[in-house]
Amino acid sequence: MKVIVPVKRVVDYNVKVRVKPDNTGVDLSNVKMSVNPFCEIGIEEAVRLKEAGVAEEVIAVSVGSTACQEQLRTCLALGADRAILVETEADAQPLGIARALVAVQEREQAGMVIFGKQSIDGDNSQTGQMFAALTGMPQATFASEITIADGKAQVLREIDGGMQTISVSLPAVVTTDLRLNEPRYASLPNIMKAKKKPLDVLTPDELGVDMAPTVEVLKVEAPAERAAGIKVESVEQLVDKLKNEAKVIL
Amino acid sequence: MSILVIAEHDNNDNKSATLVTIAAAQAIGGDIDVLVAGSGVDGVASQVAAVPGVNKVLVADNAAYEHQLAEN
């Protein structure tokens with residue numbers, strides 16, 4: 001079974017993001033970029049499936065600019081066998097990305113596609129679900145445990161009121177939650193080996209995919225700053241403020 | 001423009017998220033229909049019907065919808 005893991009290049013989770021002064025987006029100049037942590041969990045899970053003998057090949061796929069090759073190399077160092085970049089300089093949005101991935105899936109015919117549940121920059125949590133809808137594959141979202149047997153995957157999902165176990169027939173789409181696994185660190189020999197692993201570059205035109213943006217971002221704003229606290233002089237003043245300003249007691 | 005709201009419920013009770021969504025739909029304006037899909041959802045349907053501003057409640061009551069999976 002082949003496993004495809006789509007990965008996204010995002011601002012590293014340790015970086016304090018800054019909004020551009022003209023509010024058109026997040027300032028990405030000279031900012032450290034990484035593999036989206038949820039996608040990294042997806043890579044780790046796919047590599048573990050390979051190590052367990054369930055999967056034969058792990059393919060990392062990214063949709064975006066040339067710079068995404070850096071993140072794909074990271075995935076190769078973590079244990080993916082080969083990588084595919086669908087290169088586009090245009091603004092890639094969930095629907096466009098899902099369409100490009102569908103075209104890749106049609107070529108590769110993978111038995112499982114493991115997405116991260118969401119990216120830490122867009123926070124949409126849409127691409128996996130859209131991909132499942134476009135391909136008609138069953139989806140098991142927010143997985144925290146995957147067991148594969150007899151052409152089916154049993155997936156433990158994290159839902160509002162607790163946990164839900166569902167069984168989906170393969171090929172299936174899985175999106176990873178935080179507790180699925182803890183990704184490994186890439187070892188130096190593996191980083192060196194990753195440089196020799198194949199990385200194919202495709203374009204949306206080659207795949208025959210329309211990636212035109214469907215959503216327009218009007219404005220990006222930083223969260224409102226929290227006002228400074230004050231010291232109250234007396235208990236009466238505190239009670240007065242709780243009653244009239246904070247309205248927490250009636 | 002008419003708006004379809006999909007009710008969030010646990011087959012017994014309507015969840016507050018549905019009310020939030022209906023309020024948002026009201027802010028946009030237009031006819032608001034609510035779809036209640038589940039199993040044994042008569043109670044939920046009548047709760048939703050009682051919400052002011054709802055034009056029509058559509059009920060899909062079948063055992064297949066009990067767990068409300070994305071596929072169905």
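Does B:Ile3 count as buried or exposed, and at what relative accessibility? In this predicted model, B:Ile3 has a relative accessibility of 14% and is therefore classed as buried, the cut-off for that class being under 20%. The residue belongs to strand E1 of chain B, which covers residues 3-6.

The surroundings of B:Ile3 can be listed directly. When neighbours within four places in sequence are set aside, B:Ile3 touches B:Ala25, B:Ile28, B:Gly29, B:Asp31, B:Ile32 and B:Asp33. One of these partners, B:Ala25, lies 22 residues away in sequence, and the C-alpha atoms of B:Ile3 and B:Ala25 are 6.8 Å apart.

From this residue the view can be widened to the chain. Chain B contains two helices and three strands, and read from the N terminus these elements follow the order β-α-β-α-β. The radius of gyration of chain B is 12 Å, close to the 11 Å that the globule rule gives for 72 residues, so chain B is as compact as a globular protein of that length. Along the principal axes, the C-alpha atoms of chain B occupy a box of roughly 35 × 25 × 20 Å.

Contacts and surface complete the description of chain B. Of the contacts in chain B with a separation of 6 or more, 56% join residues that are 24 or more positions apart. Buried residues account for 28% of the 72 residues in the chain, and B:Ile3 is among the buried residues. The exposed surface of chain B comes to about 4,200 Å², with 53% of it supplied by carbon and sulfur atoms.

Next comes the contact between the two chains. The size of an interface is often given as the accessible area lost when the parts come together. For chain A and chain B, the buried area is about 320 Å², and carbon and sulfur atoms carry 46% of it. On the chain A side, the residues that lose the most area to chain B are A:Gln139, A:Gln164 and A:Ile166, which together make up 71% of what that side buries. The contact involves five residues from chain A and four residues from chain B. The rule finds zero salt bridges across this interface.

Chain A also carries a nonpolar surface patch. A:Val235, A:Val239, A:Val248 and A:Ile249 form this patch, with an area of about 330 Å². One of its members, A:Val239, sits in helix H7 of chain A, which spans residues 235-244. A:Val239 has a relative accessible area of 33% and is therefore partly exposed; membership of a patch requires over 30%.

Technical notes:
Residues numbered from 1 in each chain as written. Chains lettered and ligands numbered in written order. Predicted model: local features only at pLDDT ≥ 70, side-chain atom pairs only at ≥ 80, totals over all residues. Heavy atoms only, no water. Patch = residues over 30% accessible without salt bridge, like charges linked within 9 Å, V, L, I, M, F, W, Y side chains within 5 Å. Areas by Shrake-Rupley, 256 points an atom, 1.4 Å probe, with all protein chains shown as cover. Salt bridge = Lys/Arg side-chain N within 4 Å of Asp/Glu carboxyl O. Helix = DSSP H or I, 4+ residues; strand = E, 2+ residues; numbered from the N terminus. Buried < 20%, exposed > 50% of the residue type's maximum accessible area, 1.4 Å probe, protein only. Rg over C-alpha atoms; globule rule 2.2 N^0.38 Å. Contact = heavy atoms within 4.5 Å. Buried area = accessible area lost by both parts, 1.4 Å probe.
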